[in-house]
Amino acid sequence: ATMLPPDPLAAYQNAPLADLLAILLRQFRRPLANKGVNLSDAEAETLARAIEAGEATPEQTAGLRGALAALVDESEAVLGRWGLTFEEALDTEISGIPGWETTAEFLEIANEKTNAELRISTGVSLLVALGDPRYLTRLRLLARRVDDLDGVIARRIVEMVEGRA
């Protein structure tokens, strides 16, 4: 019998949500630091557990929420330069974006687009987890993406916040 490779999305579907939130916070360490929010690994872990438990305090999250919202806005502005919304960008191949002639320009645009999409998906995931309902519509769009790690994380966060409502 052949062994099927493990499903990487299943690991994220089954991992403790606090672990996923801690990963997202750690991935965002540099962009957050650029906005004046410095999180150590230990602080990210503690905050992630507090978020999952529904016990994150405004003191813990005020600066973080502002920094995340600014990163989402900046990333949406990047996509807006190509006339794309977040949802449109997710469904647009890099080759469908104008403004490049050389391979180097293509790669630069691909990198900018990918970074913007990642910052938006991670940012809205964390913002909704932190109790900011303004981003729930975008997170639900993301949650519908089935074969996608960001979609799995989005679904888990939507389930968490809707379970609290």
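Contact here means heavy atoms within 4.5 Å, and helices (H or I, at least four residues) are DSSP runs numbered from the N terminus. The model is predicted, so local features need pLDDT of at least 70 and side-chain atom pairs count only at pLDDT 80 or more, while totals for chains, interfaces and linings use all residues. Residues are numbered from 1 along each chain as its sequence is written, and side-chain values use heavy atoms, with hydrogens and water left out.

**Stop 1: helix α8**

Select Leu 136, Leu 139, Leu 142 and Ala 143 in α8; these are buried (under 20% relative accessible area, with exposed meaning over 50% and partly exposed in between, for a 1.4 Å probe and protein chains only). Viewed down the axis of α8, the buried residues fall within an arc of 115°, so they line one face of the helix. The arc is taken from the directions from the helix axis to the C-beta atoms. Now show α6, α7 and α9, which are among the elements covering the buried residues of α8.

**Stop 2: helix α7**

Select Thr 122, which is placed in helix α7. Thr 122 has a relative accessible area of 3% and is therefore buried. Setting aside neighbours within four places in sequence, Thr 122 is in contact with Leu 24 and Phe 28.

Next select Lys 113 and Glu 117, which form a salt bridge with the closest N and O atoms 2.5 Å apart. A salt bridge is a side-chain nitrogen of Lys or Arg within 4 Å of a carboxyl oxygen of Asp or Glu. Lys 113 and Glu 117 are 4 residues apart in helix α7, so about one helical turn separates them. Are these two residues, Lys 113 and Glu 117, buried or exposed? Both Lys 113 and Glu 117 are buried.

**Stop 3: salt bridges between parts of the chain**

The model has 11 salt bridges by this rule. Select Glu 45 and Arg 26, a salt bridge whose closest N and O atoms are 2.5 Å apart. Glu 45 is in helix α4 (residues 41-53) and Arg 26 is in helix α2 (residues 17-27), so the pair ties together parts 19 residues apart in sequence. Glu 45 is partly exposed, at 28% relative accessible area, and Arg 26 is partly exposed at 30%. Add Arg 29 and Asp 41 to the selection: Arg 26, Arg 29, Asp 41 and Glu 45 are linked in a network of salt bridges.

Move on to Asp 91 and Arg 145, which form a salt bridge with the closest N and O atoms 3.3 Å apart. This pair links distant parts of the chain, 54 residues apart: Asp 91 is in the loop between α6 (86-90) and α7 (103-129), and Arg 145 is in the loop between α8 (136-143) and α9 (149-164). Asp 91 is exposed, at 55% relative accessibility, whereas Arg 145 is partly exposed at 23%.

**Stop 4: aromatic rings**

Rings of Phe, Tyr and Trp (its six-membered ring) pair if their centres lie within 6.5 Å; planes under 30 degrees apart count as stacked, over 60 as edge-to-face and the rest as tilted. By this rule there is 1 aromatic pair. Select Trp 100 and Phe 106: the pair is edge-to-face, 4.8 Å centre to centre, with 70° between the planes. Trp 100 is partly exposed at 29% relative accessibility, and Phe 106 is partly exposed at 24%.

Finish at Arg 81 and Trp 82. The charged end of Arg 81 sits over the ring of Trp 82, 5.5 Å from the ring centre (the rule asks for NZ of Lys or CZ of Arg within 6 Å of the ring centre and within 35 degrees of the ring normal).

Terms used: Helix = DSSP H or I, 4+ residues; strand = E, 2+ residues; numbered from the N terminus.
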